[in-house]
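Biologist: I would like to learn how to read the empty spaces and the chain contact in a model like this one. Can we go through it feature by feature?

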There are 2 protein chains.
Amino acid sequence: MTPLPGSGTDPRPVSAMSRHRATMRDVAALAGVSLKTVSRVVNREPGVSATLVQRVEAAAAELDFRPNLGARSLRRADGKTATIGLVLQDLANPFSAALHRAVEDIARARGVAVLSGSVDETADRERELVTAFSSRRVDGLIIMPTGEDHGYLMLERRAGVAMVFVDRAPARLEADVVLADNEQGARDGVAHLIAHGHRRIAFLGDRSWIATEEQRYEGFLAAMAEAGLTVEPELVIKDLDTMDAADAAVVRLLGLPDPPTAIFAAQNLVTIGALRALRDAGMQHQVALVGFDDFELADLLQPAVTVVAQDPQEIGHRTAELLFARLDGDDSPWRVEVIATRLIERGSGELPPLRTPHLA
Amino acid sequence: MTPLPGSGTDPRPVSAMSRHRATMRDVAALAGVSLKTVSRVVNREPGVSATLVQRVEAAAAELDFRPNLGARSLRRADGKTATIGLVLQDLANPFSAALHRAVEDIARARGVAVLSGSVDETADRERELVTAFSSRRVDGLIIMPTGEDHGYLMLERRAGVAMVFVDRAPARLEADVVLADNEQGARDGVAHLIAHGHRRIAFLGDRSWIATEEQRYEGFLAAMAEAGLTVEPELVIKDLDTMDAADAAVVRLLGLPDPPTAIFAAQNLVTIGALRALRDAGMQHQVALVGFDDFELADLLQPAVTVVAQDPQEIGHRTAELLFARLDGDDSPWRVEVIATRLIERGSGELPPLRTPHLA
DNA sequence: TTGAAAGCGCTAACAA
DNA sequence: TTGTTAGCGCTTTCAA
């Protein structure tokens, strides 16, 4: 038996050892068995005598053997890499980060690793990421989609890659989706403002081609219609793609001859931008506000902020579970799973309408 | 030339096509060239005639060829997978999430994908994650370390895996590290409170075995010593591992016969827990507070919260750049890069000391 | 229960 | 400029 690099019988000092990673061959040689026996032990296949199992395991430990999953998936019949890809809009966004963590927890329990990346609402980057993951032969994809045509994913699907969409439905592609009940959530939030006496309610939205935004706007319209209220075009401001844009929009609203008495902010960052504007104008106790999506410290502000909360953890768990069900062979028809939202009353949404000067 | 699955000449409907991914062999056959020529074109090696380049590219596009990076790295001399592993404490934590995004941006520019995972301050999970990444043959590792012995990473290093630590230095291992200037930052924050007249300053810290916590505590001690102030043991509370624990600690402090006039909160969640307790006690305008690490909405609270801000984006960029420098062959001695912190005065840290009843 | 041989998709080394 | 052959580390298939 020849001494192997890294083995205890290797007389060279650690620093002089070659950059060698032990392979199954090395382990087999040290244990005095065949390659296939090592493979059997490593994969816990039955039918190896206890003696050999022990000898192989000792040799593997001795050499710090780490099976090469790339080589394994290359050879295996199912080609599985035990890796999935997660395409998010922005890893640093709290909603995406919470979702990411939830997916990780489910994946980890199955020994699956997660590749992830940010798309920043750019269809090209979504394709780039999918390609990058695809070249690494991920078993499945979880995608928060951007853009108007996801037909390109048919290729991946045909190649046997499982996929589930999250937060938004894909365009032109039938597929599994897990999303929050955006329309109902927005409807609840706006109805809450109406119930507190508001009639002039402003709608502030993110980029309107994002499906969730569209659905939240629909919810706003539905709640207004249900109450027999007309929607004033001057109070609907969309395409607010930054906090500052939302801030500026609220400044504009407050300067109207007949300003809104309440604001429905349809997204995270839009809500925060609106909060800043109200605070800077000293109007945070005069104008009611309900935001879509909860955020840290909403309860510590004055007034505390009433929100329609999504449950990113639940959404992430359900998404990952659906993906793994597909990987396990579930071939039932495409499913759309809708996760309920929850209205959290904290104060800002319960402010009464302010009588505006010219109405007084 | 036989029709290949997925090719335009394949008469079968899409739904009936086999789950086949085109390989270089398929592309070679369709283009009527050898395997090696396809390899050359795919890898943009020089010395292929324009005609063949075009023919190969057309065939590759036709078949939706995606090179298998796993197979490539298996065969290549350098064994590179164009994938790195990122070990964080918690993907959902805003600091970790911002760092993650910064690393992603640098990696993406180089065509490198990022595997990531959460450790939750558990040494075992750190090892598990490193093993999982190692089995997938990542080229490099970025680790936010936990635990008291990182000697086990010598194996990875010996196998040629580059590694850089972030946020904290590893234990018992010489290695590259990028971290915030925790001691100086804490010192600045506490000195700021002292400059505003405070003498009885409480220190609230996270789990004390975390290196950053230790350093921040050292900074606290240094600032106190520099001002000739004695540290009251009853005002030092460590090992606050949740927001609620921090909240409870502040409740306890406020109930002391001689409560502190100022609080230095050495970590993110600790700061928020302290804020809640002060607000619930109605003392947020009476007790000064400086927190370590900035957070969204700190400027919107009343009073707005003075913090020692880290720069997670800068930290992430520098870390990734250092890792890639190592992967590019930089073999200079281990480096410790310290990123400066910045004191942001917003109000809570500038409150004057409250005269306590028994001193009045 | 164990092992030998072939080959997954790709690139290195060499040949034409 | 293009192609042939071998083999990366592993699992499959088949034989002993």
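Modeller: Start with a backbone detail. A:Asp64 sits in the loop that joins α3 (50–62) to α4 in chain A. This is a predicted model, and local features are read only where pLDDT is at least 70.

Biologist: What is the phi of A:Asp64?

Modeller: A:Asp64 has a positive phi of about 55°. A:Asp64 is not a glycine.

Biologist: Which peptide bonds are cis?

Modeller: Look at the omega angle. The bond from A:Gln302 to A:Pro303 is cis, with omega near -5°. In chain A, A:Pro303 belongs to the loop between β9 (288–292) and β10 (306–309). Now turn to chain B. The bond from B:Gln302 to B:Pro303 is cis, with omega near -5°. B:Pro303 lies in the loop between β9 (288–292) and β10 (306–309) of chain B.

Biologist: Now the empty space. How is it found?

Modeller: Rolling a probe the size of a water molecule over the atoms shows where empty space is left. In a cavity the probe fits but cannot get out, whereas a pocket is open.

Biologist: How many cavities of 30 Å³ or more does the whole structure hold?

Modeller: The search finds 4 of them. The largest cavity has a volume of about 130 Å³.

Biologist: Which residues line the largest cavity?

Modeller: Both chains contribute. The lining includes A:Leu275, A:Leu278, A:Arg279, A:Gln302 and A:Pro303 from chain A, and B:Leu300 and B:Gln302 from chain B. A:Pro303 is also the residue that follows the cis bond in chain A. The largest share, 3 residues, comes from α11(A). By class, the lining has 7 nonpolar, 4 polar and 1 charged residues.

Biologist: What is the volume of the second largest cavity, and what lines it?

Modeller: The second largest cavity holds about 90 Å³ of space. Among its lining residues are A:Leu300 and A:Gln302, together with B:Leu275, B:Arg279, B:Gln302 and B:Pro303. B:Pro303 follows the cis bond in chain B. The classes here are 5 nonpolar, 3 polar and 1 charged.

Biologist: Next, an open space. What is the volume of the second largest pocket?

Modeller: The volume is about 1,300 Å³. The second largest pocket is lined by 49 residues. Nearest its centre lie A:Leu74, A:Arg137, B:Asn68, B:Gly70 and B:Ala71.

Biologist: Which element gives the most to that lining?

Modeller: α4(B) does, with 7 residues. At least two residues each come from α4 (69–75) of chain A and from α2 (35–42) and α4 (69–75) of chain B. The lining divides into 17 nonpolar, 17 polar and 15 charged residues.

Biologist: Now the chain contact. How many residues does each chain bring?

Modeller: Chain A brings 62 residues and chain B brings 62 residues. Buried area is what the two parts lose on being put together. Here it is about 5,600 Å², of which carbon and sulfur atoms give 50%.

Biologist: How many salt bridges cross the interface?

Modeller: The rule finds 12 between chain A and chain B. One of them pairs B:Arg276 with A:Asp299, with the closest N and O atoms 2.3 Å apart. There are also 36 residue pairs in polar contact between the chains, both residues being at pLDDT 80 or more.

Biologist: Which elements of chain A touch chain B?

Modeller: α4, α5 (94–109), β2 (113–118), α6 (123–135), α7 (154–158) and α11 (268–280) each supply at least two residues. That side of chain A has 26 nonpolar, 17 polar and 19 charged residues.

How values were computed
Residues numbered from 1 in each chain as written. Chains lettered and ligands numbered in written order. Predicted model: local features only at pLDDT ≥ 70, side-chain atom pairs only at ≥ 80, totals over all residues. Heavy atoms only, no water. 1 Å grid on protein atoms, 1.4 Å probe; cavity = no way out; pocket = protein on both sides within 12 Å on 5 of 7 lines; lining within 4 Å. Points joined across faces, edges and corners; volume = space filled by probe spheres on them. Helix = DSSP H or I, 4+ residues; strand = E, 2+ residues; numbered from the N terminus. Nonpolar A, V, L, I, M, F, W, Y, C, P; charged D, E, K, R; others polar. Contact = heavy atoms within 4.5 Å. Buried area = accessible area lost by both parts, 1.4 Å probe. Salt bridge = Lys/Arg side-chain N within 4 Å of Asp/Glu carboxyl O. Polar contact = N/O pair within 3.5 Å; in protein donor to acceptor, adjacent residues only side chain to side chain.
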